[in-house]
Structure formats: structure tokens, C-alpha cells
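Here are my comments on the model, set out as numbered points for you to check against the coordinates.

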Number of protein chains: 2
Amino acid sequence: MARARLQDVAEVAGVSMKTVSNVVRGYVHVSPSTRAKVQRAIDELAYRPNETGRSLATGRTGLLALAFSDISIPYYSELARCVSTLARDRGYRVLLEQTDGTLEAERAIVSTSEAGLVDGVLFQPSILGSSEIARHRGDVPVVLLGEAQAPLSVDHVMIDNVAAARRVTTHLAGLGATRIAFLGHERSGLSPTSRVRLAGYQEGLEAEGLPVDTGLLIPSGAVSSASAAEAVTAALAEGLRFDGLVCRDDLAAIGALRALADAGIRVPEDVVVTGWDDVAMASFTQPGLTTVRPDLAALAGRALDMLEERIAGFDELGRHALVDFEVVYRGSAPALPTED
Amino acid sequence: MARARLQDVAEVAGVSMKTVSNVVRGYVHVSPSTRAKVQRAIDELAYRPNETGRSLATGRTGLLALAFSDISIPYYSELARCVSTLARDRGYRVLLEQTDGTLEAERAIVSTSEAGLVDGVLFQPSILGSSEIARHRGDVPVVLLGEAQAPLSVDHVMIDNVAAARRVTTHLAGLGATRIAFLGHERSGLSPTSRVRLAGYQEGLEAEGLPVDTGLLIPSGAVSSASAAEAVTAALAEGLRFDGLVCRDDLAAIGALRALADAGIRVPEDVVVTGWDDVAMASFTQPGLTTVRPDLAALAGRALDMLEERIAGFDELGRHALVDFEVVYRGSAPALPTED
DNA sequence: CTGAAAGCGCTTACAG
DNA sequence: CTGAAAGCGCTTACAG
């Protein structure tokens with residue numbers, strides 16, 4: 001049996017399509033007897049409204065795209081959880097778009113060859129530059145997440161990465177570290193994320209009067225614990241010595257912890273280590289990881305606020321919002337008495 | 001300026017809508033000169049086809065729902081990565097649906113109150129029973145993933161959980177463990193996943209002639225490392241002793257490793273431990289985790305095959321497919337000389 | 001409170 | 001190889 005349409009329900013109930021539509025959408029001004037009659041027809045026909053028809057008529061799909069490189073990276077999966085939950089509360093569903101951090105896929109996010117599928121886009125670029133983002137066609141609202149340089153025309157939410165990197169770096173110095181390395185940026189083609197975190201790291205070193213030494217920068221081949229562990233092992237083999245390690249992200253820190261343990265180097269006795277993101281695993285490493293915790297709920301909430309405003313027609317210059325972060329202290333770089 | 005429609009392009013190019021549609025969809029039998037004329041109009045108007053209009057006309061949206069409890073659980077995020085990548089190769093996009101493992105949300109997956117949004121559904125139930133799944137309305141194709149009991153009418157893909165649990169249990173016995181505990185099932189309302197893994201665990205114990213003792217079952221409050229760690233710590237405090245530990249999943253195993261280390265119990269010297277899923281973190285615990293690795297690509301690929309067949313109209317009884325798994329040996333329960 | 005009709009933006013037999 | 005027209009399943013002014 002073919003699926004029932006609104007029209008079928010109207011015929012069975014003996015009313016117009018408009019009235020059925022009113023009942024389906026919960027419009028209040030329908031007389032109880034009409035409503036009951038329509039409801040009976042709906043049940044009888046097992047009618048379910050077709051969302052595509054509705055979307056074409058209203059111009060809205062209730063879909064939001066969430067785009068970033070790779071959902072299997074814990075930070076993104078935790079972000080996706082948060083966005084998805086908050087989006088549902090606002091009546092939206094989330095379409096997953098993975099770019100693998102490729103230029104081609106990131107370009108496709110801001111200038112898709114199709115229209116009308118999603119009402120808005122939440123996008124964390126990995127490598128796409130501000131100017132290319134600015135050139136996007138602008139017919140679907142976009143809010144940018146994360147560290148990428150955002151064009152003036154586009155909304156953007158992030159935490160203050162430079163401040164956070166400075167905080168963890170000075171914390172390591174406060175613990176007595178004098179040779180503080182940085183782990184996990186790209187070997188070439190620095191991502192915006194690495195760029196701002198390195199900037200904060202440098203500021204922290206300078207504030208503490210510690211030398212800034214490019215020999216202390218340990219790049220990694222990929223955003224993964226495996227690449228980071230390899231990089232640390234290789235650096236140690238080449239004779240690099242350090243007593244503090246600021247990691248670009250928790251994945252890198254987890255790899256570093258493993259590589260240091262394998263080399264017989266103790267954390268935090270010999271080297272103090274910080275991560276970034278406070279992913280779930282960060283409390284289960286041994287020792288636990290001191291790390292930067294962004295306020296994910298605020299980040300997702302603020303981004304959704306902005307996106308909904310754009311969807312509703314807001315059409316002024318891009319808003320650039322900062323949300324809070326905190327440093328969570330665990331065994332890899334314990335809190336000082338003055339800290340919490 | 002309002003967005004251009006197919007009709008606008010047709011007018012500018014001086015051809016019919018049908019011809020524009022042919023060009024847009026890459027239909028071959030269009031004369032080069034007509035194609036060029038149409039392409040010029042498309043570029044001039046910055047025309048992009050509206051997917052909602054197309055969907056309404058074709059009855060397809062190119063969207064697949066991927067439903068499970070929580071995307072921030074590493075197994076699910078790794079599964080989502082795999083499904084999303086394979087789906088794109090087949091021309092589909094993925095809509096994320098989180099159920100939080102609640103009955104209400106799981107029911108909504110199999111009997112949504114709307115239709116027409118997705119062409120098919122990939123669903124890993126956490127608690128929904130076979131009979132409720134069987135009652136689903138059947139107007140959108142569904143393929144079930146994971147351990148839930150599937151109704152005869154519905155396609156289903158999983159690994160042989162009983163066999164895998166038996167394998168890891170006998171492996172621990174082969175390493176000399178005689179008091180092998182199980183960690184991570186629900187305190188009440190056993191999930192299908194826990195049920196089959198416990199069954200294999202019991203079979204393994206019996207095959208080895210080891211006593212089956214309910215005192216060795218350590219339930220956990222949630223699917224998380226934190227709950228598992230708490231449970232192990234509490235069990236140890238109550239005097240439970242064991243020399244082998246089969247964990248329901250890697251998250252539980254990671255929590256166990258932490259709790260055991262905190263209690264001064266060495267792995268693998270005092271207790272040998274196995275996990276399940278081989279999530280990315282499983283190679284970065286200390287020691288690394290011996291664990292069951294399902295063939296995710298085969299799982300996702302087979303499920304998508306089945307779903308595409310259903311979408312194409314296949315309408316027979318449910319197929320129940322098993323895909324491969326392997327046991328990956330790492331430090332927490334090293335391979336025996338005879339194994340690999 | 002309810003109805004008849006147009007319209008959202010496409011695709012697709014059917015003709016030619 | 002191309003065109004005119006109907007139809008996909010809804011919503012929404014506009015009347016009454």
C-alpha cells in the first residue's frame with residue numbers, strides 16, 4: 001500500500017488539506033470535533049508527514065551541517081556530541097561532514113555545488129585560509145569554530161588560544177622547567193591552530209625569561225598519538241633534552257607520555273607535560289594529564305545562537321566571540337600551591 | 001538578489017527546463033552548443049540546484065541516518081568515521097542520531113513521526129528489544145548493527161561476539177589465570193552486548209575447566225572508564241581477588257588499568273587484562289591493551305550493501321551477516337608462543 | 001474556524 | 001536532441 005498523503009487524510013476525514021495541516025502542525029484554533037475526526041483519519045491511514053514536501057514549501061529543512069576533519073578525533077567527537085544535543089533542543093538535526101583536512105573538501109564546505117539541503121553550517125577549517133572562506137557564496141549561513149583566521153564577514157567562536165598556551169607554558173616554568181619543548185605542530189604548512197598555540201607558548205617563555213629555541217619544537221606527522229610518540233622518540237634519540245613539554249593537543253600528549261615512559265623518563269619528576277582539549281582519556285593516562293579545557297557547551301551554544309540569528313535573517317558583519325577555558329591540573333604537571 | 005531557479009536559467013539560455021535539467025545532471029545526449037549556452041546561463045546566474053526540489057521529485061534525499069547512543073564513545077566515533085567515508089563514496093551523506101541509550105529515543109529511531117527525510121537507517125540499538133524493532137513501520141529501510149537481537153525481518157551485521165569472548169577468556173587461561181573476572185556489564189537490565197559477551201566468557205571458562213562464579217562479575221554504572229575504574233576499586237576494597245580480567249569494552253579496560261595501577265597491582269604480572277573494540281587509545285595505554293578488533297570496514301561496508309539493496313527494493317527476509325574479528329595482542333595479556 | 005488554489009523547485013514520462 | 005505539462009507532498013496568503 002502506498003504511503004498516505006496529506007490529501008488522502010483530508011478525503012477520509014472529509015475536510016480540506018489546510019485543516020489536516022493545521023492539526024498535524026498542532027495549530028490551536030481547530031475545533032475539538034474536527035481535530036478528533038482528522039486524528040482518526042491519520043491513525044487509520046498511518047499517515048506521517050513527508051519532510052521533503054514540508055521543506056520545499058517552507059524553505060527550511062531543519063538540518064545543520066557540522067564540518068571538520070575527522071570525527072574519530074576525540075575532540076571532534078566530543079564537540080559533535082555537544083552540538084548534536086544542543087541542536088536537537090533547538091529543533092535541528094546534524095549532518096556530519098568530514099573533510100580529512102583536505103583543501104578540496106574544505107572548499108566544498110564553503111561553496112557546495114548544491115543548495116537547499118541545510119539551513120546552516122558549523123565549520124571548523126583545518127587549513128582553509130580566511131580569504132577563501134570570505135569568498136563563499138553566502139547563500140547559506142556559516143559560523144566558524146576554532147582557531148582558523150576568520151574573515152570579517154563571518155561569525156566565529158573560539159577560546160583565547162594564545163592566553164591558554166601562555167598559561168600552560170608559564171605553569172611549567174613555575175614548576176621549575178627551564179627547557180620547555182613544544183610538541184605536535186605540522187612539519188610544514190603550519191595550521192592556524194598550531195600557529196596560535198605556538199604564539200602563546202613563545203609569549204610564555206618570554207614572560208618567564210626563558211630562551212626561545214627552535215630546536216625545542218617537535219613537529220608531528222599527523223594529529224595522532226602514534227605520530228606524536230614517534231616524533232618524541234626520534235627527538236630523544238637525536239639527543240634532544242627537555243624538562244617541560246607543551247603539547248598542541250591531548251592526542252599528542254598521550255603519545256608523548258607513552259614515548260617518555262618507554263624511554264625511562266618519568267613524568268612529572270623528569271619532565272612536566274600539558275595537553276589541550278581535556279578529552280575523556282585525559283583523566284585516564286598515567287599520570288593524568290594537565291590540560292586546557294575549553295568550555296565546549298558555551299562554544300557550541302554560542303555558535304548555535306549565532307547560526308540561528310543568521311538563519312533568521314541577521315545580516316551584519318561577523319561577530320567574533322571568545323568563550324572560556326580553564327586549565328585542569330592533574331599528575332603530569334601538578335597545580336602549584338597558589339593555583340587550584 | 002533572490003536565488004536563481006532552474007526556470008530562470010532556462011529563460012536566460014532560451015531553452016526548456018528539461019534541457020537545463022539534462023545539463024545539470026550531466027545527461028550525455030545534449031548538443032555541445034546547447035550545453036555551452038546553458039552553462040553560460042548557469043555561471044551568469046550563479047545557479048545551484050535546490051536539493052529539496054530534486055528530492056521531492058525523485059523521492060530520494062541521498063541521506064542516511066546513523067543512530068547509536070553517543071558519538072563521544074570512541075567505538076561509535078570510529079564507526080561513524082568509517083560509515084561516513086564509505087557512504088560518501090556511494091553518494092550518500094550521514095545524519096547523526098544520538099539516542100543516549102534511552103528507550104524513548106530508540107523507539108523514535110524505528111518509528112519516527114516523520115517520513116521522507118532519509119533514504120535508510122543504520123541503527124545500533126543499546127536496549128531496544130527484537131520485538132519492538134520488528135514492529136517498526138517498514139516504510140524506510142533499516143539495517144541493524146551490533147549485538148542486539150534482530151527480528152527475522154530485519155537485516156543485521158555483527159561479529160561473532162560469543163566466539164570472540166570465548167577466545168579472549170581462554171587466552172587469559174592459557175596465560176595461567178585461574179580466577180578470571182568480567183568487568184563492565186550493566187548492574188541491572190543487561191544489554192544485548194553484555195549478554196553475548198558474558199555468554200562467551202562463560203563458555204571459555206567451562207572449556208578451560210575453570211569455575212563459573214558470579215562473584216567474579218563486576219558490573220559498571222555506565223559505559224565509561226570512570227565508572228569502570230570505580231567499580232574495580234570498590235571490588236578490590238571488598239576483597240575480590242582475580243588474576244584475569246575480561247572487559248566488556250576498551251573503555252572499561254582503560255578504567256581497570258588505572259584502578260589496578262592505583263591499587264599497586266601490576267599488569268600483566270599480577271593480572272592479565274583484555275579489552276574489546278581496539279579503539280585508537282588501546283595502543284597507548286600502559287601496558288598496551290590486548291583486545292578484540294572487529295573488522296570495521298567490513299562491518300560498515302556490508303551494512304551499506306544491505307541498505308542499498310533495500311533502498312533499491314529488495315524485500316525479502318532479513319539477512320544476518322557475520323564479519324571477521326581478530327584478537328590484537330599487546331602487553332596487558334601477551335600472545336602465547338603458539339599465537340600470533 | 002475552514003476551504004480552494006497557488007506555489008515551493010525540481011524530474012519525468014510523453015510527444016515530437 | 002528538445003519542449004510543454006503534470007506531478008512529487010507539503011504550506012500559506014487570501015477569502016469567507
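**Notes on the DNA surface and two helix pairs**

1. The residues of the surface near DNA strand C divide into ten nonpolar, nine polar and six charged, where Ala, Val, Leu, Ile, Met, Phe, Trp, Tyr, Cys and Pro count as nonpolar, Asp, Glu, Lys and Arg as charged, and the others, Gly among them, as polar. A residue is near the strand if one of its heavy atoms lies within 4 Å of it.

2. This is a predicted model, in which local features need pLDDT of at least 70 and side-chain atom pairs count only at pLDDT 80 or more, while totals for chains, interfaces and linings use all residues. Residues are numbered from 1 along each chain as its sequence is written, chains are lettered from A and ligands numbered from 1 in the order in which they are written, and side-chain values use heavy atoms, with hydrogens and water left out.

3. DNA strand C is surrounded by 25 residues, the closest being Thr19(A), His29(A), Thr34(A), Leu6(B) and Ser21(B). Helices H2 (17–24) and H4 (51–58) of chain A, and likewise H2 (17–24) and H4 (51–58) of chain B, each supply at least two residues of this surface, and H4(B) gives the largest share, five residues. Helices here are DSSP runs (H or I, at least four residues), numbered from the N terminus.

4. Of the strand C atoms within 4 Å of the protein, 69% belong to sugar or phosphate and the rest to bases. Among the polar contacts (pairs of N or O atoms within 3.5 Å), a polar side-chain atom of Thr19(A) lies 2.8 Å from a phosphate oxygen of the strand, and an N or O atom in the side chain of Ser21(B) is 2.5 Å from a phosphate oxygen. At a base, a polar backbone atom of Leu56(A) is 3.5 Å from an oxygen.

5. In chain A, the axes of H5 (residues 74–89) and H12 (residues 296–311) come within 9 Å and cross at roughly 50°; axes are lines fitted to C-alpha atoms over the stretch in contact, and angles run from 0 to 180 degrees between N-to-C directions. H5(A) and H12(A) are therefore oblique to each other, a term for angles that are not under 35 degrees, over 145 or 65 to 115. By class, their contact (heavy atoms within 4.5 Å) has eleven nonpolar, one polar and one charged residues.

6. The axes of H8 (residues 161–174) and H9 (residues 192–207) of chain A come within 7 Å and cross at roughly 45°, which makes H8(A) oblique to H9(A). The residues of this contact divide into six nonpolar, five polar and three charged.

Key: Polar contact = N/O pair within 3.5 Å; in protein donor to acceptor, adjacent residues only side chain to side chain.
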